Amino acid sequence: MSSKKTGGHPARAGQAEDAREARRAKAAALRQRELARERSRRVLLISIAVVVVLALVAVVVVVIDRSRKDDVALAAQAVPPNASGKAEGIVLPGTPAAGAPTLDVWLDYQCPYCKEFETAAGDSVVQLAADGKARVVVHTLTFLDGKLGNDASQRAAEGAAAADAQGRFAEYNKVVFANQPSQEGTGYTDAQLRDFAQQAGVPDLAKWQSALEGHAYRDYVESVADSMDANGVSGTPTVTVTPAGGQKKEIPTQDLLGSDPVTAVAQAVAAATTS
């Protein structure tokens, strides 16, 4: 008795396997396309995020820059807090006693004779103000820039005004003269002036440097320099004493640069003090 053998046709079996392979290949291709789309979507999202962040950074930079420029512009229209006017000098700390005279000190940061006077009598002048014996006003001049062919006096004076804005004028003034170059005309670099401000204890150096680089006090310094002629000042150092309600008197240069300028200034102040 014969029996029928099981099993399909070989050609049909091959076709079925091919169909399965085709379906697998199609599924794999679909997965690859989906993965590619997902990668593209991630890249797009990351790119958008980067663009947004860069845009925000750009906005912040613009705002900060505009704010800094606005601050500098406003400062350029102002005067240091301890100056009594745009063309006036900076008043040293202290409350003048009744009858105390005004002591005006005119100097240039490149003047070697000013350094000599400052070294010998600078501290005593500051003390006269602190003790209330005189209203001391310091005028920073720049006429030596033209003679020496640089702008060091102007920049040093602008730095002094910026130091006054942070309550460190007297300290800055002292440090600048202490570090005056031995060769007249060498001048000061901005880096040196910043170092002087740091030595003087200026608390916010970034703010000080912004004022210096932005020339925030340029107009003020120029106005003080322009007031020389009106005040009868032709050189530095010049020191005058004015009694309350009285006439101004200049202390002779030979006394300022003599053997005892501290006593010369103290005596002039005492003589100009009214009861």
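Me: Axes are lines fitted to C-alpha atoms, for helices over the stretch in contact. The model here is predicted. What do the axes of helix α4 and helix α7 do?

Reply: They come within 9 Å and cross at roughly 140°. Helix α4 covers residues 152-164, and helix α7 covers residues 205-213.

Me: Why is α4 called oblique to α7?

Reply: Roughly perpendicular ends at 115 degrees, and roughly antiparallel needs an angle over 145. The angle of α4 and α7 is roughly 140°. That value falls between the two cut-offs, so α4 is oblique to α7. The crossing is right-handed.

Me: Which residues make the contact of α4 with α7?

Reply: From α4 come Arg155, Glu158, Gly159, Ala162 and Ala163. From α7 come Trp208, Ala211 and Leu212.

Me: What makes 2 of these residues charged and 1 polar?

Reply: Arg and Glu count as charged, and Gly counts as polar. Therefore Arg155 and Glu158 are charged, and Gly159 is polar. The other 5 are nonpolar.

Me: How do helix α6 and α7 pack?

Reply: Helix α6, residues 190-199, packs against α7 at an angle of about 140°. Their axes are 11 Å apart. The crossing of α6 and α7 is right-handed.

Me: What makes the contact of α6 with α7, by residue and by class?

Reply: α6 brings Asp190, Leu193, Arg194, Ala197 and Gln198. α7 brings Leu205, Ala206, Trp208, Gln209 and Leu212. By class, 6 are nonpolar, 2 polar and 2 charged. Asp and Arg count as charged, so Asp190 and Arg194 are the charged ones.

Me: Why does the space in this structure count as a cavity?

Reply: A cavity is a set of points where a 1.4 Å probe fits but cannot get out, so an open set does not qualify. The search of the whole structure uses a limit of 30 Å³ or more and finds 1 cavity. The volume of the largest cavity is about 150 Å³.

Me: What lines the largest cavity?

Reply: It has 15 lining residues. Closest to its centre are Val105, Leu107, Glu118, Val138 and Asn173. β2 (102-108), α2 (112-130) and α5 (169-178) each give two or more residues. α2 gives the most, with 6. The lining has 12 nonpolar, 2 polar and 1 charged residues.

Me: How do you know that the peptide bond of Thr236 and Pro237 is cis?

Reply: Its omega is about 0°. Pro237 sits in the loop between α8 (218-226) and β4 (238-242).

Me: What stands out about the phi of His215?

Reply: It is positive, about 55°, although His215 is not a glycine. His215 is in the loop between α7 and α8.

Note on methods:
Residues are numbered from 1 along each chain as its sequence is written. This is a predicted model: local features need pLDDT of at least 70, side-chain atom pairs count only at pLDDT 80 or more; totals for chains, interfaces and linings use all residues. Side-chain values use heavy atoms; hydrogens and water are left out. Axes are lines fitted to C-alpha atoms, for helices over the stretch in contact, and angles run from 0 to 180 degrees between N-to-C directions. Helices (H or I, at least four residues) and strands (E, at least two) are DSSP runs, numbered from the N terminus. Angles under 35 degrees count as roughly parallel, over 145 as roughly antiparallel, 65 to 115 as roughly perpendicular and the rest as oblique. A crossing is left-handed if the near helix is turned anticlockwise from the far one by less than a right angle, and right-handed if clockwise. Contact means heavy atoms within 4.5 Å. On a 1 Å grid over the protein atoms alone, a cavity is a set of points where a 1.4 Å probe fits but cannot get out, and a pocket is an open set with protein on both sides within 12 Å along at least five of seven lines; lining residues have an atom within 4 Å of a point. Grid points are joined across faces, edges and corners, and a volume is the space filled by probe spheres set on the points.
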